[in-house]
Amino acid sequence: MTFSVGETDEYGQNYKVTTKMDVRVLDVKYMTPAELDAAKDMTLAELDTTNEPEHGQYLTLTLMLENVGDAPAKITTYGMMKWQDANHAAQDATTLESVGGPALDRTYAPGQSVIGALVLDVAAKGGTVSYYGTNDPSGEPAFVVTLPSE
């Protein structure tokens with residue numbers, strides 16, 4: 001999937017597309033807090049345990065993001081990932097949990113790519129996760145991932 005990244009002027013108006021990003025879903029895995037603890041790259045300073053998910057279910061969403069445009073793209077996922085299904089209204093799914101590895105939140109120069117995993121907190125298995133972090137005033141998500149129900 002390819003999506004546009006852009007910017008607005010200092011007043012938050014006059015949105016213009018500056019570059020394009022390609023996103024590929026590499027893996028989706030539902031996890032319990034114990035499974036998430038086991039998956040973490042733990043150091044002695046990080047021997048904390050995962051909290052219970054606020055909404056009900058953790059999942060790791062492994063993505064490859066690549067700047068396929070001609071200008072740098074700043075990507076921020078925290079607070080920009082929303083989950084919903086037929087029974088639940090859209091809700092923030094981001095967490096501060098991590099399984100280690102490269103962070104997806106960064107500025108990508110043209111041609112650069114990163115593979116990383118987001119740990120999300122969703123109310124149930126299934127539904128969709130949408131990314132809203134592009135400054136596009138239309139309010140439409142940049143990309144949507146349909147999640148498996150198992």
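**Notebook: strands, rings and pockets**

I began with strand β10 and noted that its side chains alternate: F143 and V145 point to one face and are buried, whereas V144 and T146 point to the other and are not. I take buried to mean under 20% relative accessible area, with exposed over 50% and partly exposed in between (1.4 Å probe, protein chains only). In a regular strand, side chains alternate between the two faces of the sheet.

I recorded that the model is predicted, that local features need pLDDT of at least 70 and side-chain atom pairs count only at pLDDT 80 or more, while totals for chains, interfaces and linings use all residues. Residues are numbered from 1 along each chain as its sequence is written, and side-chain values use heavy atoms, with hydrogens and water left out.

**The sheet with β10**

I looked up the sheet to which β10 belongs and found an open sheet of four strands, ordered β6-β5-β9-β10, with antiparallel pairing. Its edge strands are β6 (88-92) and β10 (143-146), each pairing on one side only. Neighbouring strands here are turned by 20° against each other on average, direction ignored. For such angles, axes are lines fitted to C-alpha atoms (for helices over the stretch in contact), and angles run from 0 to 180 degrees between N-to-C directions. Strands (E, at least two residues) and helices (H or I, at least four) are DSSP runs numbered from the N terminus; two strands pair if DSSP finds at least two bridges between them.

I then followed β9 (residues 128-131), which four bridges join to β10 in an antiparallel run. Y131 stands opposite F143, and T128 has T146 as its bridge partner.

**The aromatic rings**

I found three aromatic pairs in the structure. The rings of F3 and F143 have centres 5.4 Å apart and planes at 40°, so I entered the pair as tilted. This pair links distant parts of the chain, with F3 in strand β1 and F143 in strand β10, 140 residues apart. Rings of Phe, Tyr and Trp (its six-membered ring) pair if their centres lie within 6.5 Å; planes under 30 degrees apart count as stacked, over 60 as edge-to-face and the rest as tilted. Both F3 and F143 are buried, and together with Y131 they form one aromatic cluster.

**The sheet with β1**

I turned to the sheet of β1, an open one of four strands in the order β1-β2-β3-β8, paired antiparallel. Strands β1 and β8 (113-122) stand at its edges with a single partner strand each, so one side of each is left without a neighbour in the sheet. Neighbouring strands of this sheet are turned by 35° against each other on average, direction ignored. Ten bridges join β2 (residues 16-31) to β3 (residues 57-67), which run antiparallel; K29 stands opposite T60 in β3.

**The second largest pocket**

I closed with the second largest pocket, whose volume is about 210 Å³. A pocket is an open set of points on a 1 Å grid over the protein atoms alone, where a 1.4 Å probe fits, with protein on both sides within 12 Å along at least five of seven lines; lining residues have an atom within 4 Å of a point. Its lining holds 13 residues, of which V5, G6, K74, G133 and N135 lie nearest the centre. The elements giving two or more residues to this lining are β1 (2-7) and β4 (73-75), and β1 gives the most, with three residues.

Notes: Grid points are joined across faces, edges and corners, and a volume is the space filled by probe spheres set on the points.
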